[in-house]
Amino acid sequence: MLRLSRRRLLTLGGSALIGTLPAPRITNPFTLGVASGDPLPDGILLWTRLAPKPLEPAGGLPPAEYPVEWQVSENDTFTKVIRTGTATAFPAYGHSVHADVSGLRPATEYFYRFRSQGHLSPIGRTRTAPAKTAAPRALRFAVASCQAYTDGYYDAWRHLTAEELDVVFFLGDYVYEGAINSVGGSRMDSSLRLPDTFELETDTLDLYRMRYALYRTDPDLQAAHAAFPWILTWDDHEVQDNYAGDAPRFTTIPENDFLVRRANAYRAYWENQPLRWPRQPAGPDMSLHRRFRFGDLAHAYVLDTRQYRTDQACGDGLRAGCDDRNNPDRTLLGAGQRDWLLRRMGRSEARWNLLAQQVMMAECRYGGTAGRLDMDKWDGYAADRRRILEMAAVEPGTVVISGDIHNNYAADLRVDFGRPETAAVGVELVGTSITSGGDGSDTTPQLDMQRAFNPHLRLANGQRGYLRCELGRDSIRADYRVMSEVTRRGGTVSTRASFVSERVRPGLVTA
Ligand code: FE
Ligand code: CA
């Protein structure tokens with residue numbers, strides 16, 4: 001391993017670079033930006049991926065290993081470099097780099113960058129988590145999900161980058177698997193000319209890799225990654241729409257064939273996200289649920305509601321009168337993850353339990369006879385939901401953050417949603433999509449009907465955007481940030497609604 005002393009780096013300066021291998025010269029390999037994630041009190045995971053030609057298989061690189069140096073500095077001019085190292089970009093992992101940096105101070109801002117083959121990466125900024133024993137006054141975070149490249153521009157990311165945040169939670173649908181035409185779908189970007197391979201639905205490892213590469217070429221998304229550490233989980237589209245565990249959307253495909261596809265998708269996911277090495281998948285299995293601690297203020301449980309779930313009840317979709325959804329054998333989390341979560345929630349020493357997960361947890365009746373429910377959400381897995389909400393009833397401070405549905409909702413959570421007179425046991429903040437679904441609108445007949453059928457919903461909004469939250473010692477505040485438009489460049493952001501909820505006596509109140 002090549003180790004550079006601080007003195008030597010300072011002598012060389014920012015742009016004088018060290019060639020360590022007699023490898024063929026390559027053009028700028030840092031086309032996909034940089035990222036950091038999974039913050040710990042003493043460490044952070046730094047990510048990049050070498051891809052001089054990002055839209056080609058293997059990113060335009062030969063099957064060679066490339067050393068990639070990294071630096072962590074206390075300032076953005078890199079005159080206070082405190083950690084350095086060299087990682088290897090392996091062709092087997094799509095020339096991705098996952099540098100697990102330790103020995104950092106808690107609750108501290110750092111800057112980082114990479115260099116390889118005579119090229120310097122953009123600079124990223126990140127922040128470590130507070131010390132385990134700390135009593136932070138607040139945690140500032142954003143909630144985002146669902147960024148279909150073909151549905152619009154990423155101005156929401158540009159606005160999010162300007163917020164003051166400790167961490168970004170991304171709750172799934174980072175990429176979508178469907179075909180993309182040569183001009184990027186409704187972006188209709190005349191400067192873009194995508195290779196024909198993008199017209200193929202992703203199923204092979206190379207196609208998934210190129211899909212991540214396309215998304216990550218976007219400068220607004222790159223800026224959001226470079227501005228904050230992210231904590232990510234996936235939903236369905238990182239593999240295939242509405243898949244459930246081993247079951248593909250269309251069950252005409254043999255299960256073993258689907259598991260090959262799932263393995264390719266999970267592998268590309270790990271390669272392309274700031275996740276530590278132990279998260280690496282083994283075939284079609286990848287352990288993604290994990291916990292993060294923010295001192296005594298909050299424990300965040302990042303869940304995976306796709307990999308272990310029972311197939312959707314009653315044939316999926318919107319259903320009324322589906323008794324199977326209450327079957328206690330049906331599970332959204334899988335027994336292992338569910339018991340892991342309940343055990344930790346039950347003996348949490350933090351003031352808040354923050355559940356970062358994909359699909360809407362609150363009951364959501366769609367109207368029609370008896371009120372139809374969506375079998376892909378927690379409504380289709382009522383026994384698992386009840387166990388979690390019963391735990392929330394005895395452990396104060398439950399906040400659920402969710403994505404998937406391309407709408408904003410704010411919901412009081414009750415053990416029995418049919419009894420609105422009972423006390424709320426927590427709150428759910430459902431964040432809308434970054435782009436998926438196009439421009440959207442504040443209200444629709446369906447959103448109005450949902451408000452009418454679900455008295456626990458305080459907001460139902462169909463615009464694009466993200467949530468900005470501040471978790472304090474005794475209350476949480478959520479601002480629903482919505483975009484004027486996404487199908488043209490330059491959309492502006494505004495706050496559509498703001499709510500607060502108390503930790504001990506939860507219930508959303510307009511702020
Ligand atoms: Fe989505
Ligand atoms: Ca989804």
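User: What makes an atom a donor of the iron ion (ligand 1)?

Analyst: A donor is an N, O or S atom within 2.8 Å of the metal. In this predicted model, Cys146 (SG), Asp173 (OD), Tyr176 (OH) and His406 (NE2) lie 2.0 to 2.5 Å from the iron ion (ligand 1), so they count as its protein donors. Along the sequence, these donor residues follow the spacing C-x26-D-x2-Y-x229-H.

User: Why is it said that Tyr176 and His406 tie together separate parts of the sequence?

Analyst: Tyr176 belongs to the loop between β10 (167-170) and α3 (205-216), and His406 to the loop between β17 (398-402) and β18 (408-413), so the pair joins parts that are 230 residues apart in sequence.

User: Why is the site of the iron ion (ligand 1) called irregular?

Analyst: A tetrahedral site needs all angles between 85 and 135 degrees. The angles among the four donor atoms here run from 86 to 166°, and the upper value breaks that limit, so the site is not tetrahedral. The site is classed as irregular.

User: How do you know whether Tyr176 is buried or exposed?

Analyst: Buried means under 20% relative accessible area. Tyr176 has 13%, so it is buried. His406, with 22%, is partly exposed.

User: What makes α6 roughly parallel to α7?

Analyst: Helix α6 (residues 335-346) and helix α7 (residues 382-394) pack at an angle of about 10°, with their axes 10 Å apart. Angles under 35 degrees count as roughly parallel, so α6 is roughly parallel to α7. Residues making the contact include Leu341 and Met345 of α6 and Ile388 and Met391 of α7.

Conventions
Residues numbered from 1 in each chain as written. Chains lettered and ligands numbered in written order. Predicted model: local features only at pLDDT ≥ 70, side-chain atom pairs only at ≥ 80, totals over all residues. Heavy atoms only, no water. Donors = N, O, S within 2.8 Å, 3.2 Å for Na, K, Ca; no water. Tetrahedral: all angles 85-135°; square planar, octahedral: opposite > 155°, others 65-115°. Helix = DSSP H or I, 4+ residues; strand = E, 2+ residues; numbered from the N terminus. Buried < 20%, exposed > 50% of the residue type's maximum accessible area, 1.4 Å probe, protein only. Axes fitted to C-alpha atoms, helices over the stretch in contact; angles between N-to-C directions. Parallel < 35°, antiparallel > 145°, perpendicular 65-115°, else oblique. Contact = heavy atoms within 4.5 Å.
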